[in-house]
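Work through these exercises with the sequence and the 3D view side by side. Try each task before reading its solution.

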Amino acid sequence: MSRSPSFSVRTEVSPSVDSESLQRWVVAFCAIRFDLEQGQLVEECYPQGCLSNNEELEIAYSSFPDSVSQHQNRSSIHDCIFFFRIRRILKKSLDEKGVADSSNASKFLYGYVFNRQRHDERLKRGGEQKSVVILSYNPYSSVFRPLLQIVGPLFFDIGKKALEHIAAYVSKWPAPVPGKVMDLPIGNASLKVNLPPALSLPVESGVFCEEVASSVAPFVPNNQPFPQGLFHDSDLFGSFRGILLQLWVLWELLLIGEPVLIIAPTPPQCCEAVASLVSLVAPLLCSVDFRPYFTIHDPIFARLNSIQEGEAFPPMILGVTNLFFLKALRNIPHIVSVGSPPPNSNRLSLTSRSSAGRVSGRPEGLGFQQLSLKKFSPSNFLSAVRLRRDGPLCLMTEHKEAIWSTYSAATKPDTSILNRLIDAGLSPRVEESMSVVNNEILRRHFLELTTNFLAPFSPYFRISTPSEGSSPYVDPPSLPSFNADEFLASLAARGPGKFMLKRMRSNWLDLYSRFLNGPNFMPWFKRRRAVAEQEQDRLWRQARIKTDIQQLMSRLSELEIVDSFNVIERLLLREIQTMIKPKGKLFGTLEIVPSAESLQQSGKSGLDSIATCQKLKVDLQAVFHVLSKDMQQLMLSNPERASLLQGNPESPKLPGRPLIQIAVVSSTSPR
């Protein structure tokens, strides 16, 4: 059973829930019961009415383990935690012009499940099971796993009141800050969690460029805290312990977006393996569709099942426990089997672990011999040949940790990393602590590997700043343009760098070509370009704020002064447009009044925009006064320009609009 932190609530107090604040973290809390006659039923959903009947049904089907993964102990309570990911179709919203916005037509919904199976011979069919589910658009497993350990047992103690009280606490949490350590109070307890950096979050999560820019630190020294990516808390070592030598193959498969089917005996094991695989390519943004716990009831299953021989399988990572998928998805090119069956399971296990027959007095390196990675013997060779000959269908009779793939990897396994891993022996307590050490060793290596693999693309994110003495009142130069063929030709000539070259085989260029054509490259490249452009724009804005306009004008000719005036005017108009926040739909004024929430989300960008706007207004008026009288009259002949030049420098006026007041609303001000 899962142990929950010490926690208590005052059930006699009616909780107060801020629905809007709750949505920042959680979509809904659900309690689902497996009914012997009607199947899965959603008993409770909080807030009520937030899910359609079809959504409730899909969530219910994904919230219970398959029968093959259940324990057979008939007098016990078994708790497990896992999570799933499904696509939720949203109602199309209308933009300002009344056109349907298809960018948010669907979102991935994460379901974090606390499942309890209670076996009792006195009950019909010998037992019952229920699940408590937290639904969220955020892949914050570091938050929702410990939260499940609280809300799960609490629900089975006090019922639906648990969902309402936990929702009230969550609604009082501050907004998520990607890449930061947050203390989240929950009753008399507190969750101290590390949120994944914005760079690793899916594009649909709506993170700001500034948040992404702050998380682009590629690699840190050994004495620094590890830079965490998506699912940084997953047990990478424990998930793939039986096939550690294949981690480099799996890294490449995810890098280029190949479809992978991961089979494990239980939902927690397959979820952990999928999450670990996704985390393997940090700091790369993973754009492959991954399903930590996939069932035949998922709407996409029908399409996957209809894929014919020779048709391309979509780039997906599917975690399953039902062996039926071995036949239903027989066209998927890469299959990975991980984990070990639970005690008394009806699935046999032939997995040999290094700690199975030896009690070690002290931790030692796993090495090749213990992991059966390099030791050759005729029996091992015949077993490998038999495994490849039988294919993954051999899992129907006995469980094995193995990988079936014809992919030829370009990266060589780093044996020095494997030799540094620690074997914990048989002690569960030592096993857990040693897994933490092993996970950090593996993550650091693959972080460095991925960072160096992406290093050849760095020239396309190189930004420029105004040179000393030059005018910053010009448009910054564009970032270098990218052409895939030219990039590959240049890379073939200069090589991928010493770090990668000594770790890769002769077909390394093919890996880059596959990466460019895969689903991960363009979303990552576009996001990095956007971050670079935003950072370059910030540096140029900063240079304009620091520029002494009077001193600059003294060095310019009259023609250059006129050009500077036009540029400053254009920059000011652009800055004002980005800061406008309509108050009401048709009436009222337009004010630059950033809300407390928007300022919290965008950090210093809101205040920087106000400062930039004020400085540009001052500079525009200063340049105007330097112009000749005739030129001033010519400038004022334009009504829109004249309106910009009127009033005090702190109150810029948008042409054709009411006066725009620059102000900041505090968090206690009415909205």
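The model is predicted.

**Exercise 1. Find where P283 and P47 lie, and state which kind of peptide bond precedes each.**

Solution. Start with P283. It sits in the loop between α8 (267-279) and β11 (289-291). The bond from A282 to P283 is cis, with omega near 10°. Now go to P47. This proline is in the loop between β2 (39-46) and α2 (53-61). Y46 and P47 are joined by a cis peptide bond, with omega about 0°. For background, most peptide bonds are trans.

**Exercise 2. Determine the sign of phi at F231, then decide whether F231 is buried or exposed****.**

Solution. Locate the residue first. F231 belongs to the loop between α5 (209-213) and α6 (236-239). Its phi is near 55°, a positive value in a residue other than glycine. Most residues other than glycine have a negative phi. Next, check accessibility. Buried means under 20% relative accessible area. F231 has 2% relative accessibility, so it counts as buried.

**Exercise 3. Describe how helices α15 and α17 pack****.**

Solution. Two packed helices are described by the angle between their axes and the distance between the axes. Take α15 (residues 484-494) and α17 (residues 508-517): their axes come within 11 Å and cross at roughly 160°. Angles over 145 degrees count as roughly antiparallel. Therefore α15 is roughly antiparallel to α17. The crossing is right-handed. Now list the contact residues. From α15 come A484, F487, L488, L491 and A492; from α17 come W508, L509, Y512, S513 and L516. Sort them by class: nine are nonpolar, one is polar and none is charged.

**Exercise 4. Work out the strand order of the five-stranded open sheet, and say which strands stand at its edges****.**

Solution. Read the order across the sheet: β2-β1-β7-β6-β3, with antiparallel pairing. The edges are β2 and β3 (77-89). Each has a single partner strand, so one side of each is left without a neighbour in the sheet. On average, neighbouring strands are turned by 25° against each other, direction ignored.

Look inside the sheet next. β1 (residues 28-35) and β7 (residues 127-136) pair in the antiparallel sense over six bridges. In this pairing, C30 stands opposite V133 in β7.

**Exercise 5. Identify which strands α2 and α3 touch or lie across****.**

Solution. Take α2 first. It lies across β1, β2, β3, β6 (106-119) and β7, running at about 140° to β3. Then take α3 (residues 141-158). This helix packs on the sheet and touches β1, β3, β6 and β7. Its direction makes about 140° with that of β7.

Conventions. Residues numbered from 1 in each chain as written. Predicted model: local features only at pLDDT ≥ 70, side-chain atom pairs only at ≥ 80, totals over all residues. Heavy atoms only, no water. Helix = DSSP H or I, 4+ residues; strand = E, 2+ residues; numbered from the N terminus. Buried < 20%, exposed > 50% of the residue type's maximum accessible area, 1.4 Å probe, protein only. Axes fitted to C-alpha atoms, helices over the stretch in contact; angles between N-to-C directions. Parallel < 35°, antiparallel > 145°, perpendicular 65-115°, else oblique. Left-handed = near helix turned anticlockwise from the far one by under 90°. Contact = heavy atoms within 4.5 Å. Nonpolar A, V, L, I, M, F, W, Y, C, P; charged D, E, K, R; others polar. Pairing = 2+ DSSP bridges.
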